[in-house]
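Take a look at the sequence and the model below. This report walks through some of its side chains, one group at a time.

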Amino acid sequence: MTWKTKLSQVLNTLTHYILRYEGGWVEDHRNGHGIYYYVNGDTYDGNWYEHKRHGQGVYTYHTSGTKCKGTWVQGKREGDGELIHSNHRYVGCFVSGNLKGPGKYCFDVGCEQYGEYILHETTTEGETEEDEHLTTITPKWICKRIVDIDSMGRWQKYFYIIIII
């Protein structure tokens, strides 16, 4: 095997693990519109500012095909947006990368579920006194009503759900 063949094989192998970006650059930072291809197959197609997702964009998860559309601020989801799955989508608000506040799930079977996300914070203590506490924030969905939609997009009936926490 020649050195050229070996080099070609190594480059082909490395290409599978290399991140790729196609788009605008300013002073060695991703800026403006661009598409970023992650090692795991995920992509982000949208605006960048100083190497971070910033502005309108779509993040697509390779394994599930789920798309996250909306606005990013300094690399985190912020404001109104959508999570689009294969058979349903969520329309609502993001705060510092977390789902938070009122929103709705739209299901392909013809119903919508309205509710809100609240942030639930849990703190885990370290194993020793010197270890830092680990705080985890988890969005929790609280469904408030379900609406049946007919083929013309009209509400047929709705159900209110009351949850006491």
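Is Lys 104 buried, exposed or partly exposed? Lys 104 is partly exposed, because its relative accessible area is 23% and the partly exposed range runs between 20% and 50%. Keep in mind that this is a predicted model.

## Salt bridges

Side chains of opposite charge can pair when their charged atoms come close. This structure holds four such salt bridges. One of them joins Lys 104 and Glu 112, with 3.6 Å from N to O. Glu 112 counts as buried, because its relative accessibility is 14%. Its partner Lys 104, at 23%, is partly exposed.

Another salt bridge links Glu 82 with Arg 89. Here the closest N and O atoms are 3.0 Å apart. Glu 82 has a relative accessible area of 21%, so it is partly exposed. Arg 89 has 33%, so it is partly exposed too. Arg 20 and Glu 22 also form a salt bridge, and their closest N and O atoms are 3.1 Å apart. Arg 20 is partly exposed at 43% relative accessibility. Glu 22 is partly exposed at 40%.

## Charges over rings

Arg 20 has a second role to note. Its charged end sits over the ring of Tyr 37, 4.0 Å from the ring centre. Arg 145 has a similar placement: its charged end sits over the ring of Tyr 114. In that case the distance to the ring centre is 4.4 Å.

## Aromatic pairs

How many aromatic pairs does a search of the whole structure find? The search finds 15. Take Tyr 36 and Trp 48. Their ring centres are 5.6 Å apart and their planes meet at 50°, so this pair is tilted. The two residues come from distant parts of the chain, twelve residues apart. Tyr 36 is in strand S2 (residues 29-37), and Trp 48 is in strand S3 (residues 43-49). Both residues are buried.

Now take Tyr 44 and Trp 72. Their ring centres are 5.1 Å apart. Their planes are at 75°, so the pair is edge-to-face. Tyr 44 lies in strand S3 and Trp 72 in strand S5 (residues 67-73), so the pair ties together parts that are 28 residues apart in sequence. Tyr 44 and Trp 72 are both buried. Ring pairs also build a cluster, whose members include Tyr 36, Trp 48, Tyr 44 and Trp 72. Tyr 21, Trp 25, Tyr 38, Tyr 59 and Tyr 61 belong to the cluster as well.

## Arg 53, a buried charge

Arg 53 lies in strand S4 (residues 52-60). Which side chain of opposite charge is nearest to Arg 53? It is Asp 42, at 7.9 Å. Arg 53 is buried, yet it has no salt bridge.

The side chain of Arg 53 does make a polar contact with the side chain of Tyr 38, at 2.7 Å. Setting aside neighbours within four places in sequence, Arg 53 is in contact with several residues, including Tyr 38, Tyr 44, Trp 48, Tyr 59 and Trp 72. Those five names also appear in the ring cluster. Other contacts of Arg 53 include Asn 47 and Gln 74.

## Tyr 90 and Gln 113

Tyr 90 lies in strand S7 (residues 88-95). Tyr 90 counts as buried, because its relative accessibility is 0%. Its C-alpha atom is separated by 8.9 Å from that of Phe 107, which is 17 residues away along the chain. Leaving aside neighbours within four places in sequence, the contacts of Tyr 90 include Glu 82, Lys 104, Tyr 105 and Trp 141.

Gln 113 has its place in strand S9 (residues 111-124). Is Gln 113 buried or exposed? It is buried, because its relative accessible area is 17%. Its side chain makes a polar contact with the side chain of Trp 141, at 2.6 Å. Not counting residues up to four places away in sequence, Gln 113 touches Lys 104, Tyr 105, Phe 107 and Arg 145, among others. Lys 104 therefore turns up again: it is partly exposed, and it is in contact with both Tyr 90 and Gln 113.

Definitions and conventions. Residues numbered from 1 in each chain as written. Predicted model: local features only at pLDDT ≥ 70, side-chain atom pairs only at ≥ 80, totals over all residues. Heavy atoms only, no water. Phe/Tyr/Trp six-rings, centres within 6.5 Å; stacked < 30°, edge-to-face > 60°. Helix = DSSP H or I, 4+ residues; strand = E, 2+ residues; numbered from the N terminus. Buried < 20%, exposed > 50% of the residue type's maximum accessible area, 1.4 Å probe, protein only. Lys NZ or Arg CZ within 6 Å of the ring centre and 35° of its normal. Lys, Arg positive; Asp, Glu negative; His and termini not counted. Polar contact = N/O pair within 3.5 Å; in protein donor to acceptor, adjacent residues only side chain to side chain. Contact = heavy atoms within 4.5 Å.
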